[in-house]
Amino acid sequence: MDAPRDIPRDIPQDTPPDVSRDPSRDTARITIKDVAARAGVSKGAVSLAFNHKPGLAEATRDRIFAAARELGWAPNLTARSLSSSRVDVVGLAICRPARMLGLEPFYMEFVSGVEGVLTEHSCSLLLRLLRSPDEEVALLESWWRARQTRGSILVDFRADDPRVEAAGRLGMPVVAVGHPSLTGGLTSVWTDDAAAVTDAVRYLAALGHRRIARVGGAAALGHTTIRTAAFDEAARGLGLAGAWQVATDYSGDAGARATRSLLSAAPPDRPTAIVYDNDIMAVAGLSVAAEMGLRVPADVSLLAWDDSQLCRLTHPTLSAMSHDVHGFGAEVARTLFGVITGEGPGSHPVPTPVLTPRGSTAPPAM
């Protein structure tokens with residue numbers, strides 16, 4: 001009886017895979033063999049690259065990641081984690097001072113939403129606070145090459161953000177929290193800030209306000225730029241007599257200073273309504289109005305953003321553009337797991353913030 005031949009399983013018995021096919025076609029059929037053929041390496045080399053193990057030159061590793069991106073292929077990291085005893089980790093870096101972040105309701109709610117989904121997947125969150133996007137690029141490279149994270153959530157995008165190129169070069173699974181115009185083709189989850197700002201301005205104008213100001217966030221941030229342009233366009237479209245915008249750092253102190261400056265002007269150069277880019281600044285603005293002897297909403301209407309619990313603890317309670325920030329964080333985390341497994345929904349918006357009127361807005365005094 002002839003001895004059975006030992007035929008390697010990885011050697012194709014028919015036609016070799018067509019690695020030149022359009023990566024937009026049926027990427028579920030693309031395998032590690034296709035990636036290896038495209039990169040001109042063995043399957044073992046692809047495995048080494050995606051497991052971040054030593055033994056490959058950086059040029060080879062980069063060529064493998066490029067081939068995987070071209071073919072639209074990624075390893076099923078969730079399945080791999082099920083056969084491993086270690087706990088998965090997702091990274092999140094934020095360029096904000098630690099003291100300020102601790103007071104910011106948005107990020108507390110956002111992280112809470114992320115954590116809820118990570119717990120379902122037996123994952124942990126690795127949170128770092130940094131000073132610049134360039135620092136974050138170095139951190140992402142360190143996390144990925146040292147196998148510290150399975151993927152990352154990227155927030156606070158700027159124009160020409162260096163993290164876009166870095167994430168693509170590393171082949172790192174990421175989800176970008178930002179409008180697609182800012183995120184360079186990365187899988188993105190975002191809110192329609194332009195529509196929300198427009199709704200806010202139209203609401204105040206419908207109440208009869210013709211002099212409306214906005215106390216915005218950091219001018220370098222992409223979503224601030226989007227809100228600024230939308231505010232200007234809405235004000236022009238409504239033919240408002242006056243429209244002012246002031247950039248800040250989102251802190252209560254900066255919000256108070258901006259409010260004091262706006263309300264120090266004498267009528268008719270003083271706004272009768274102010275929109276704030278977060279709740280902390282709106283609460284600070286309410287205190288400044290009281291300090292200056294102005295009644296809210298009789299003398300000035302105030303409109304907050306995000307609608308955290310703070311808005312319901314003031315007197316009067318603050319009208320706000322309500323946003324399910326906890327749900328936003330949860331959806332971002334779910335989308336990241338989709339990127340990791342290759343089975344996610346891709347880029348998509350979450351519901352636009354909606355107006356919740358309360359005691360801080362009313363028609364202007366005649």
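This report walks through the fold, the strands, the enclosed spaces and some backbone details of a predicted model.

## The chain as a whole

Let's start with the overall numbers. The chain has 366 residues, 49% of which count as buried. Its secondary structure consists of 14 helices and 12 strands. The exposed surface comes to about 17,100 Å², and carbon and sulfur atoms supply 54% of that area.

Contacts across the sequence are worth a look too. Among contacts in the chain with a separation of 6 or more, 71% are between residues 24 or more positions apart.

## The open six-stranded sheet

Which strands form the open sheet, and in what order? Six strands take part, in the order 2-1-3-4-5-11, and their pairing is parallel. The edges are strand 2 (123–129) and strand 11 (348–349), each of which pairs on one side only. As a general point, strands of a sheet pair through backbone hydrogen bonds, either parallel or antiparallel.

Strand 4 is a good place to zoom in. On one side, strand 3 (residues 151–154) pairs with strand 4 in the parallel sense over three bridges, and serine 152 stands opposite valine 174. Strand 4 (residues 174–177) also pairs with strand 5 (residues 188–190), again in the parallel sense, over two bridges. Here valine 177 has valine 189 as its bridge partner. In a regular strand the side chains alternate between the two faces of the sheet. For strand 4, both faces are covered: Val174 and Ala176 are buried on one side, and Val175 and Val177 are buried on the other.

## Strands 6, 8 and 9

Strand 8 (residues 273–276) also has two covered faces, with Ala273 and Val275 buried on one side and Ile274 and Tyr276 buried on the other. Strand 8 pairs with strand 6 in the parallel sense over four bridges; one pair of bridge partners is alanine 213 and isoleucine 274. Strand 8 also runs parallel to strand 9, joined to it by three bridges. There, alanine 273 has serine 301 as its bridge partner.

Just after strand 6 (211–216), alanine 218 lies in the loop that leads to helix 11. Is alanine 218 buried or partly exposed? Its relative accessibility is 25%, so alanine 218 counts as partly exposed. Beyond its neighbours within four places in sequence, alanine 218 is in contact with Thr224, Thr248 and Tyr250. The C-alpha atoms of alanine 218 and threonine 248 are 5.4 Å apart, although the two residues are 30 positions apart along the chain.

## Cavities and a pocket

The model has three cavities of 30 Å³ or more. The largest cavity holds about 400 Å³ of space. Its lining has 26 residues, with Phe106, Asp156, His223, Arg227 and Phe328 nearest the centre. Helix 6 (105–120), helix 11 (222–238) and strand 9 (301–306) each give two or more residues to this lining. By residue type, the lining of the largest cavity divides into 13 nonpolar, six polar and seven charged.

The second largest pocket offers about 210 Å³. It is lined by 13 residues, and those nearest its centre are Arg211, Thr272, Asp299, Pro364 and Ala365. This pocket's lining divides into six nonpolar, three polar and four charged residues.

## Backbone details worth checking

Two aspartates have positive phi values. Aspartate 156 has phi near 55° and sits in the loop between strand 3 and helix 8. Aspartate 156 is buried because its relative accessible area is 8%, under the 20% cut-off. Aspartate 306, in strand 9, has a phi of about 95°. At 11% relative accessibility, aspartate 306 is buried as well.

There are also cis peptide bonds to note. One joins valine 296 and proline 297, with omega about 15°; proline 297 lies in the loop between helix 13 (279–291) and strand 9. Another joins histidine 315 and proline 316, with omega about -5°, and proline 316 is in the loop between strand 9 and strand 10 (319–322).

Finally, glycine 168 belongs to helix 8 (residues 162–170) and is partly exposed at 22% relative accessible area. Its C-alpha lies 8.6 Å from that of phenylalanine 65, 103 residues away in sequence.

How values were computed
Residues numbered from 1 in each chain as written. Predicted model: local features only at pLDDT ≥ 70, side-chain atom pairs only at ≥ 80, totals over all residues. Heavy atoms only, no water. 1 Å grid on protein atoms, 1.4 Å probe; cavity = no way out; pocket = protein on both sides within 12 Å on 5 of 7 lines; lining within 4 Å. Points joined across faces, edges and corners; volume = space filled by probe spheres on them. Nonpolar A, V, L, I, M, F, W, Y, C, P; charged D, E, K, R; others polar. Buried < 20%, exposed > 50% of the residue type's maximum accessible area, 1.4 Å probe, protein only. Contact = heavy atoms within 4.5 Å. Areas by Shrake-Rupley, 256 points an atom, 1.4 Å probe, with all protein chains shown as cover. Pairing = 2+ DSSP bridges.
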